[in-house]
Amino acid sequence: MFMIRPAEPSEWEAVRDIRLRSLREEPDAYASEYQTEVRFAPDLWKQRLATASSYLAFDDDHALVGIATGIDTGNGDTYVVGMYVAPEARGSGCAHQLLDAIANLAARRQGMRLVLEVAESNIRATRCYRSYGFVETGQRRTLERDPSITEIEFAYQLPV
């Protein structure tokens with residue numbers, strides 16, 4: 001089990017560190033790039049945390065091992081973005097616990113579904129999302145920064 005809790009703007013440095021780690025380790029998994037975000041000013045990191053719902057995952061040693069952000073679109077969808085679980089915590093339920101936190105938040109806001117995009121080549125993430133209950137919507141897009149990467153849209157219907 002992991003401790004999952006909302007990220008606070010005061011934790012911007014820890015959030016920055018895990019985000020930069022995710023961009024270094026999984027460069028094809030995100031629309032952004034390490035070279036771009038490493039130059040972000042502290043105020044931008046704080047603003048990101050103040051304007052979205054990010055959740056942090058901590059292991060038994062209180063190490064930050066995961067992050068995911070839910071963005072409410074206002075039309076019933078909550079986008080799951082910036083999802084990352086450190087390799088040492090993968091396969092142990094951390095991703096599902098982060099998704100649970102976002103799903104619970106979305107349900108409290110009367111959301112209808114969670115939506116996310118995953119790189120076609122990211123088989124492990126696709127397997128994780130499918131096991132949670134996400135299904136393909138039929139939508140696909142190529143990344144602007146690298147047209148060789150195709151992302152597949154998945155959605156998860158929230159329980160009524």
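User: Before we start on the sheet, what has to hold for two strands to pair here?
Analyst: Two strands count as paired if DSSP finds at least two bridges between them, and the model we are looking at is a predicted one.

User: OK, so how many bridges join S2 to S3, and which way do they run?
Analyst: Strand S2, residues 53-58, and strand S3, residues 64-72, are joined by six bridges and run antiparallel; within that pairing, Tyr55 has Ala68 in S3 as its bridge partner.

User: And what order do the strands take in the sheet?
Analyst: The sheet is open, with seven strands in the order S1-S2-S3-S4-S5-S7-S6 and mixed pairing. Strand S1 (3-6) and strand S6 (135-142) each have a single partner strand and stand at the edges, so one side of each has no neighbour in the sheet. From one strand to the next, the twist averages 25 degrees.

User: Which strands does H4 lie across?
Analyst: Helix H4, residues 94-108, lies across S1, S2, S3, strand S4 (77-85) and strand S5 (113-119), and it runs at about 160 degrees to S4. Helix H5, residues 123-132, also packs on the sheet, where it touches S4, S5, S6 and strand S7 (150-157), with its direction at about 160 degrees to that of S5.

User: Switching to helix on helix, at what angle do H1 and H3 pack?
Analyst: Helix H1 (residues 12-25) and helix H3 (residues 42-51) pack at about 95 degrees with their axes 9 Å apart, which makes H1 roughly perpendicular to H3.

User: Which residues make that contact?
Analyst: H1 contributes Trp12, Val15, Arg16, Arg19 and Leu20, while H3 contributes Pro42, Trp45, Lys46, Arg48 and Leu49; by class, the contact has six nonpolar, four charged and no polar residues.

Methods. Residues are numbered from 1 along each chain as its sequence is written. This is a predicted model: local features need pLDDT of at least 70, side-chain atom pairs count only at pLDDT 80 or more; totals for chains, interfaces and linings use all residues. Side-chain values use heavy atoms; hydrogens and water are left out. Helices (H or I, at least four residues) and strands (E, at least two) are DSSP runs, numbered from the N terminus. Axes are lines fitted to C-alpha atoms, for helices over the stretch in contact, and angles run from 0 to 180 degrees between N-to-C directions. Contact means heavy atoms within 4.5 Å. Angles under 35 degrees count as roughly parallel, over 145 as roughly antiparallel, 65 to 115 as roughly perpendicular and the rest as oblique. Ala, Val, Leu, Ile, Met, Phe, Trp, Tyr, Cys and Pro count as nonpolar, Asp, Glu, Lys and Arg as charged, and the others, Gly among them, as polar.
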